[in-house]
Amino acid sequence: MKQFMVFVRKEFYHVLRDRKTLLILFGMPVMQILIFGFALTNEVKNSRIVIMDEAKDPASQQLVARIASSKYFEIERTITGQRQIDEAFKAGKIKMALILPAGFNEALLHEHTAQVQVIADASDPNIATTLTNYIHSIVQDFQSELNETITAPYRIVPETRMLYNPQQKSVYSMVPGVMALILMLVCVMMTAISIVREKETGTMEILLVSPFKPFLVILSKAVPYLLLSFINIITILIMSVWLLELPVNGSIPLLLAVSILYIITCLSLGIFISIKTETQQAAMTISLMGMLLPTIMFSGFMFPIENMPLPLQVISNIVPAKWFNIIIKAVMIKGMGLMAIWKEVLILAGMTLFFLLAGLKSFKIRLA
Amino acid sequence: MFSVTVNDITKVYGKEKLVAVDRVSFSVNKGELFGLIGPDGAGKTSIFRMLTTLLLPDSGSATVNGYDIVKDYRLIRNTVGYMPGKFSLYQDLTVEENLHFFATVFGTGIQENYQLIKDIYVQIEPFKNRRAGKLSGGMKQKLALCCALIHKPTVLFLDEPTTGVDPVSRKEFWEMLKRLKAQGISIVVSTPYMDEADLCDRIALIQAGKILSVETPENIKAGYGDTLFAVKSANMYRLLETLKNYDKALSSYAFGEYAHVSLNDNKIHAGDIKQFLAGRNIQEAEVIPAAVTIEDCFIKFLKN
């Protein structure tokens with residue numbers, strides 16, 4: 001036990017005395033959360049739009065006022081000629097143009113149909129679609145208000161409720177994904193170089209010629225990173241709740257418990273890599289290339305797994321981050337309990353056991 | 001009673017079947033300071049790694065403290081001290097932390113065996129809060145020796161402990177080894193420096209994985225048999241070239257600032273060599289009888 005404690009303390013010294021390690025360990029999570037939370041968002045806000053109002057009647061002005069008050073649009077200016085629209089698009093200043101034809105009010109009142117023309121810059125199709133949807137819903141709102149005074153014969157009004165994320169904020173899906181990604185990167189990379197470093201510097205040679213057991217080496221390598229990663233989780237959660245205004249709907253002890261399980265999964269994977277490789281460089285490359293890309297692709301936080309071809313869906317099952325992503329979304333955002341996630345928890349536990357046993361089995365008790 | 005016995009061990013590396021250690025046998029008595037002497041690449045490190053259970057021999061067998069190096073590797077690891085050729089302590093830990101770590105790993109404390117390392121440790125104690133990576137070469141070796149000794153091993157394996165260490169520290173290091181020997185610890189040490197061979201009780205001369213001779217340094221020198229002269233002149237290069245054509249000489253080679261000439265005819269005197277050199281236009285050559293060193297013996301072994 002005393003041996004174990006002194007080994008753990010030694011590992012702490014290694015981490016705390018290396019500025020680069022510290023920076024990666026604690027700087028990266030904060031950076032990533034800030035970047036993903038604030039900078040990289042798929043919401044489209046404050047898009048510039050021009051309006052050509054040829055009607056200039058009460059109805060058209062009401063509609064323009066609604067668009068102007070929306071946070072999605074910022075009216076660049078109002079213009080009068082078709083040619084100016086083309087120029088504005090070519091200059092790249094605007095994303096969208098709206099044309100209200102002359103006699104808008106008249107048509108609406110007497111013919112019960114009026115037309116507006118929406119022109120969107122579709123060089124980025126996603127933004128164009130999103131923006132036209134916004135315009136549609138604004139026009140729809142406007143129309144239904146007008147209809148309140150007139151009773152139309154048949155009307156179906158779909159009432160949509162966005163469960164768990166009523167404002168459709170992107171941080172709701174970002175934060176769980178980023179948590180899965182960061183913990184994976186930090187835990188796997190840090191432990192992956194920790195054992196292989198002892199091989200490279202030759203200290204493993206001395207450790208081997210000592211009464212120290214391989215199991216203890218593995219365990220004492222994992223403990224410091226488990227503690228440090230736990231601090232990381234707390235930081236990420238605090239930042240998500242206070243900075244990104246993400247609510248934690250489920251039980252916090254459960255959330256922490258599953259996070260610890262995931263950390264241990266990542267640590268055992270890192271140790272497995274460390275035991276299998278011979279140089280720090282190789283360990284680093286494998287844990288970066290081999291973990292980063294699959295985690296981003298297959299964890300389901302950037303690309304929905306349901307949309308992937310079947311072979312890729314099958315592959316995604318071996319990515320631990322996928323399961324953690326499901327668990328954390330269920331607990332944190334949907335507020336569900338252990339009963340809802342026991343299957344995913346078992347899968348992660350199984351993976352951990354596999355990596356630990358495989359690592360222990362391939363631990364070399366000799367040099368060659 | 002033997003501390004180490006080695007019977008016909010062989011180590012072959014890789015697909016090219018490179019023979020690093022070729023049917024080597026020797027034994028080390030209890031409390032003996034035993035030297036493995038040979039140039040780089042002779043197989044010294046491979047032998048050390050097999051004896052410290054880090055490598056498996058391809059054939060042959062060996063024991064340390066009576067334990068088999070393959071079967072009883074755990075028991076050997078508990079009782080030996082090992083200092084690898086490359087400095088292998090934690091560079092980011094201080095002197096004291098390193099020592100404390102290795103003491104604890106071996107299930108002991110610094111206090112218990114302080115007596116054993118005291119002579120060495122007092123020299124590095126002023127720097128005990130300095131990180132190991134920032135020590136000088138000699139200091140590093142002293143710290144590594146302390147760490148290898150802290151659990152009071154019965155056999156100490158030191159792989160080239162003096163390589164890359166300045167002459168003064170080298171001398172000190174060997175004096176430390178003598179004191180350790182006096183405490184009853186068997187020491188197996190390897191070195192590429194022939195002049196250090198004389199400091200061992202017994203030595204094994206090794207070259208290309210083969211043992212040339214296992215004897216006390218005195219007996220090896222006594223068994224040299226040939227007459228040896230040291231020759232010096234202003235132009236050493238010309239001297240060496242000329243000596244190659246001296247048909248009475250068995251061999252001639254550079255040796256420090258002199259050239260050594262060996263002959264198996266004890267009727268030839270210094271004057272004869274001078275005469276030969278004078279005949280080849282080397283006038284003021286200094287020729288004196290030379291004492292045989294281990295290096296001369298090593299060169300002779302290589303020739304045969």
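## Two helices crossing in chain A

Let's start with a pair of helices in chain A. Helix H10 (residues 252-276) and helix H11 (residues 280-298) of chain A have axes that come within 9 Å and cross at roughly 140°. Keep in mind that this is a predicted model. Angles over 145 degrees would count as roughly antiparallel, so at roughly 140° H10(A) and H11(A) are oblique to each other. As for handedness, the crossing of H10(A) past H11(A) is right-handed.

Who does the touching? On the H10(A) side you'll find Gly270(A), Ile273(A) and Ser274(A), and they meet Ala283(A), Ile286(A) and Ser287(A) of H11(A). Sort the residues of this contact by class and you get 3 nonpolar and 3 polar, with no charged ones.

## Two domains in chain B

Now over to chain B. The domain assignment splits chain B into domain 1 (2-221) and domain 2 (224-303). Going by C-alpha atoms, the centres of domain 1 and domain 2 of chain B are 36 Å apart.

## Where the domains of chain B meet

The two domains do touch: 11 residues of domain 1 of chain B are in contact with 9 residues of domain 2 of chain B. On the domain 1 side, strand E9 (202-207), strand E10 (210-215) and helix H7 (217-222) of chain B each chip in at least two residues. H7(B) gives the most to that side, with 3 residues.

And what is the domain 1 side of this contact made of? Facing domain 2 of chain B, domain 1 of chain B has 7 nonpolar, 2 polar and 2 charged residues.

Methods
Residues are numbered from 1 along each chain as its sequence is written. Chains are lettered from A and ligands numbered from 1 in the order in which they are written. This is a predicted model: local features need pLDDT of at least 70, side-chain atom pairs count only at pLDDT 80 or more; totals for chains, interfaces and linings use all residues. Domain bounds come from an automatic or database domain assignment. Two residues are in contact if their C-beta atoms, placed from the backbone, lie within 7 Å. Helices (H or I, at least four residues) and strands (E, at least two) are DSSP runs, numbered from the N terminus. Ala, Val, Leu, Ile, Met, Phe, Trp, Tyr, Cys and Pro count as nonpolar, Asp, Glu, Lys and Arg as charged, and the others, Gly among them, as polar. Axes are lines fitted to C-alpha atoms, for helices over the stretch in contact, and angles run from 0 to 180 degrees between N-to-C directions. Angles under 35 degrees count as roughly parallel, over 145 as roughly antiparallel, 65 to 115 as roughly perpendicular and the rest as oblique. A crossing is left-handed if the near helix is turned anticlockwise from the far one by less than a right angle, and right-handed if clockwise.
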